Amino acid sequence: ESYTVRWTRIDGADGYRLTRSSGGEDRVTVDVPDTFFVGKDRPQRYQVSAVDVSGRASAPSDWIMIDAPAVPALCVAPGMLDFGTSTSSLPFRITNCGSGGTLTWTVSPGPAWLSVDVPSGSTTTETDTVRVTVSRSGLPPGVHSTSVHVASNADATNIPVTLTVSPIPEICVDASMLDFPA
């Protein structure tokens, strides 16, 4: 995420020298032709000096504190839900793994045989848990696959879901083998 540092034009300046520091002695100096600088990393402090045609710089300004914007990001775990032949309910977790802000999210469960206990929410630093429940009733034997769609103000993802419906056992009777005594 980028942000812009701006300052007021200094009379007589032909350019500017921008020093940035993320703390300690680690400093980077950049010559800038105008009164702004677009940053892509997260330094916290800046100093600006006016530079004349000969390259001489004025005394630097006081340190300017800059806070990069807080940006939410969607993280979901686990990345797949496998209900096998007998499990009917499994959880997944939603967290805001970004640099801050509030992550608002919604869950779309998919087909009628799948439901969720919490269809929407928001998180800043906590973990939200959503329980997915499946119903095998009325499904034919075999493997059934779908996905749970999780959308947010930051991103969207699909969680693959599989479940297996076992065949109904059949009882086979050979009538010639039956003996009914009198």
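Two strands are said to pair if DSSP finds at least two bridges between them. In this predicted model, strand β10, residues 103-108, meets that condition with β12: the two are joined by 4 bridges and pair in the antiparallel sense. One position shows the arrangement, with T106 standing opposite S120 in β12.

This pair belongs to a wider sheet. The sheet is open, has 5 strands, and follows the order β8-β15-β14-β10-β12 with mixed pairing. Its edges are β8 (81-82) and β12 (120-123); each of these has a single partner strand, so one side of each is left without a neighbour in the sheet. At the β8 edge, the partner is β15, which runs parallel to β8 and is joined to it by 2 bridges. There, D82 has T162 in β15 as its bridge partner. Further in, β14 and β15 are antiparallel and share 10 bridges. V148 is found opposite I159 of β15. The chain passes from β14 to β15 through a hairpin of 3 residues.

The sheet is part of a protein built with 15 strands and 0 helices. Of its 182 residues, 29% are buried. The fold also brings together parts of the chain that are far apart in sequence: counting contacts between residues at least 6 apart, 55% join residues at least 24 apart. R45 gives a case of such a separation. This residue lies in strand β5, residues 45-51, and is 24 residues from S21 in sequence, yet their C-alpha atoms are 5.4 Å apart in space. R45 counts as partly exposed because its relative accessibility is 21%, and the buried class requires under 20%.

What fills the interior? The largest nonpolar core has 21 residues, and F92, I94, V107, V132, V148 and V150 are those with the most contacts inside it. At least two residues of this core come from each of β9 (89-96), β10, β11 (114-116), β13 (127-134), β14 (142-152) and β15. The largest share, 4 residues, is supplied by β15. V107 can be used to look at the surroundings of one core residue. Beyond its neighbours within four places in sequence, V107 is in contact with F92, I94, V116, V118, P119, V130, V148, H149 and V150. There is also a second, separate core of 10 residues, including A13, Y46, V48 and A50.

The surface comes next. The protein exposes about 11,100 Å², and 53% of this is supplied by carbon and sulfur atoms. I171, V173, L178 and F180 make a nonpolar surface patch of about 520 Å². Within this patch, V173 lies in the segment after β15 (156-165). V173 counts as exposed because its relative accessibility is 59%, and the exposed class requires over 50%.

One feature of the backbone remains. Most peptide bonds are trans. Where does a cis peptide bond occur in this model? A cis bond joins A77 and P78, with omega at about -5 degrees. P78 lies in the loop between β7 (74-77) and β8, and β8 is one of the two edge strands of the sheet described above.

Conventions. Residues are numbered from 1 along each chain as its sequence is written. This is a predicted model: local features need pLDDT of at least 70, side-chain atom pairs count only at pLDDT 80 or more; totals for chains, interfaces and linings use all residues. Side-chain values use heavy atoms; hydrogens and water are left out. Patches are made of residues with over 30% relative accessible area and no salt bridge: like charges are joined within 9 Å, nonpolar side chains (Val, Leu, Ile, Met, Phe, Trp, Tyr) within 5 Å. Accessible areas come from the Shrake-Rupley method with a 1.4 Å probe; for residues, only the protein chains shown count as cover. A salt bridge is a side-chain nitrogen of Lys or Arg within 4 Å of a carboxyl oxygen of Asp or Glu. Buried means under 20% relative accessible area, exposed over 50%, partly exposed in between (1.4 Å probe, protein chains only). A nonpolar core is a set of buried Ala, Val, Leu, Ile, Met, Phe, Trp, Tyr and Cys residues joined through side-chain atoms within 4.5 Å. Contact means heavy atoms within 4.5 Å.
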